[in-house]
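Q: Hey, can you walk me through this protein? I'm new to this, so plain words please.

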Amino acid sequence: MNNQSTLAMVTLLLLVLGWGITLPQAAANTLPVASAQDLVKQTSEHLMETLKVQKSELEAHPERIYPVVKDIVLPHFDFRRMAQFVLGKYWRPATGEQRQRFVHEFRTLLVRTYSTALLKYSHEKIRYLPVHGPAEARDTVVRIEVLQANGGPTVPMSLHLYNKGGAWKVFDVKIDGVSLVTNYRASFASQVRSGGLNQLIEKLAEKNGKTGV
C-alpha cells in the first residue's frame with residue numbers, strides 16, 4: 001500500500017471512528033438504535049472525550065495513545081476475519097499457532113498505524129452519503145467523502161461492517177474503491193510465496209517491535 005493510500009485509510013478510521021460524526025437528520029430519525037451508524041457515533045463521542053481529558057498527557061507521552069485506540073476503537077474490528085481474508089488461500093493450510101500469531105501481528109500493525117495517524121490529525125471533514133439497504137440487514141456499508149483540510153481532492157471511502165452476535169464489526173475499509181484487505185492481501189501473498197508464512201509473521205513482528213509513535 002503506498003503512502004497516499006495509507007494516509008487516506010487511517011484518516012478514514014480516525015474520522016469515522018474517532019472524530020465528530022453527525023448524521024443527516026432524516027437518516028438519524030429512521031436508523032434503528034443498534035445500527036452501525038449509531039455504533040460509529042457512540043464510539044466517536046467516547047474517543048473525543050477521552051482525548052480531550054488526556055490531551056496534556058498524550059502530548060508529553062505520545063506512546064500512551066496505544067491503549068486509547070485499543071480500548072475504544074479496536075473492539076469494533078473483527079481482526080480474525082480480516083486476517084483470514086488478507087491471507088486468502090494461505091489461511092487454510094496454516095496451523096492454529098500460525099493463525100494466532102498472524103492475527104496478533106496484523107492487529108498490532110494496524111494499532112500502531114492508526115495511533116500514529118491519530119496524533120497527526122489535521123482537521124479533515126467528512127460528508128455522509130445516503131444509507132442503502134434494509135434496516136434489518138446483517139451487513140452494511142457506511143459511505144462517506146473526506147474533505148481534505150489542505151483543499152485537496154475529495155476522497156470517497158466506505159467502512160464495511162457486519163453484525164456478529166448482535167454487535168457490529170468492521171471487516172474491511174475501501175478508499176476510492178480500493179480495499180484495505182485486498183491491498184494487504186497482495187503484498188502478504190508475495191511475501192508468503194517467497195519466504196513462507198513464518199517469515200512473513202517474523203517480519204511483521206520485527207516491524208512492530210521497531211515502530212514507535
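A: Sure, and one term to start with: buried means under 20% relative accessible area, while exposed means over 50%. Also keep in mind that this is a predicted model.

Q: Okay, so which side chains of strand β2 are buried?
A: In β2 (residues 139-147), Thr140, Val142, Ile144 and Val146 point to one face and are buried. Asp139, Val141, Arg143, Glu145 and Leu147 point to the other face and are not buried.

Q: Why would they alternate like that?
A: In a regular strand, side chains take turns between the two faces of the sheet.

Q: What does β2 pair with?
A: β2 pairs with strand β3 (residues 155-164) in the antiparallel sense, over 8 bridges. As one example of a bridge, Arg143 has Ser158 in β3 as its partner.

Q: Let's zoom out. How many helices and strands are there in the protein?
A: The protein has 9 helices and 5 strands. Along the sequence they follow the pattern α-α-α-α-α-α-α-β-β-β-β-β-α-α.

Q: And how much of the protein is buried?
A: Buried residues make up 45% of its 213 residues.

Q: Which residues touch the most other members of the largest nonpolar core?
A: Those are Phe102, Phe106 and Phe188, out of 51 residues in that core. Helix α7 (residues 96-118) gives the most to this core, with 7 residues.

Q: What does Phe106 touch?
A: Leaving out residues up to four places away in sequence, Phe106 touches Met82, Ala83, Val86, Tyr184 and Phe188. Met82, Ala83 and Val86 are among the buried residues of helix α6 (residues 79-87), along with Phe79 and Leu87.

Q: Where do the buried residues of α6 sit around the axis?
A: Looking down the axis of α6, they fall within an arc of 125 degrees, so they line one face of the helix.

Q: Is there a general reason why residues three or four places apart point the same way?
A: An α-helix has 3.6 residues a turn, so residues with that spacing point the same way.

Q: What happens at the start of α6, and what follows it?
A: At the start, a side-chain oxygen of Asp78 reaches to within 3.3 Å of the backbone nitrogen of Arg80. After α6 comes Gly88, whose phi is positive, near 60 degrees.

Q: Back to α7 for a sec. Is Gln98 buried or exposed?
A: Gln98, which is in helix α7, counts as buried because its relative accessibility is 15%, and the cut-off for buried is under 20%.

Q: What does Gln98 touch?
A: Gln98 touches Leu197, Asn198 and Ile201, again leaving out residues up to four places away in sequence. Leu197 and Ile201 are among the buried residues of helix α9, which also include Leu200, Leu204 and Asn208.

Q: Do those line one face of α9, or are they spread out, and why?
A: One face: seen down the axis of α9, the buried residues fall within an arc of 95 degrees, so they line one face of the helix. The face turned away from that buried side carries the exposed residues Gly209 and Lys210.

Q: Last one. Where is Asp176?
A: Asp176 lies in the loop between β4 (167-175) and β5 (178-179). Asp176 has a positive phi of about 55 degrees although it is not a glycine.

Q: Buried or exposed?
A: Asp176 counts as exposed, because its relative accessibility is 56%.

Terms used:
Residues are numbered from 1 along each chain as its sequence is written. This is a predicted model: local features need pLDDT of at least 70, side-chain atom pairs count only at pLDDT 80 or more; totals for chains, interfaces and linings use all residues. Side-chain values use heavy atoms; hydrogens and water are left out. A nonpolar core is a set of buried Ala, Val, Leu, Ile, Met, Phe, Trp, Tyr and Cys residues joined through side-chain atoms within 4.5 Å. Buried means under 20% relative accessible area, exposed over 50%, partly exposed in between (1.4 Å probe, protein chains only). Helices (H or I, at least four residues) and strands (E, at least two) are DSSP runs, numbered from the N terminus. Contact means heavy atoms within 4.5 Å. Two strands pair if DSSP finds at least two bridges between them. The arc is that of the directions from the helix axis to the C-beta atoms. A polar contact is a pair of N or O atoms within 3.5 Å; within protein, one must be able to donate a hydrogen and the other to accept it, and residues adjacent in sequence count only if both atoms are side-chain atoms.
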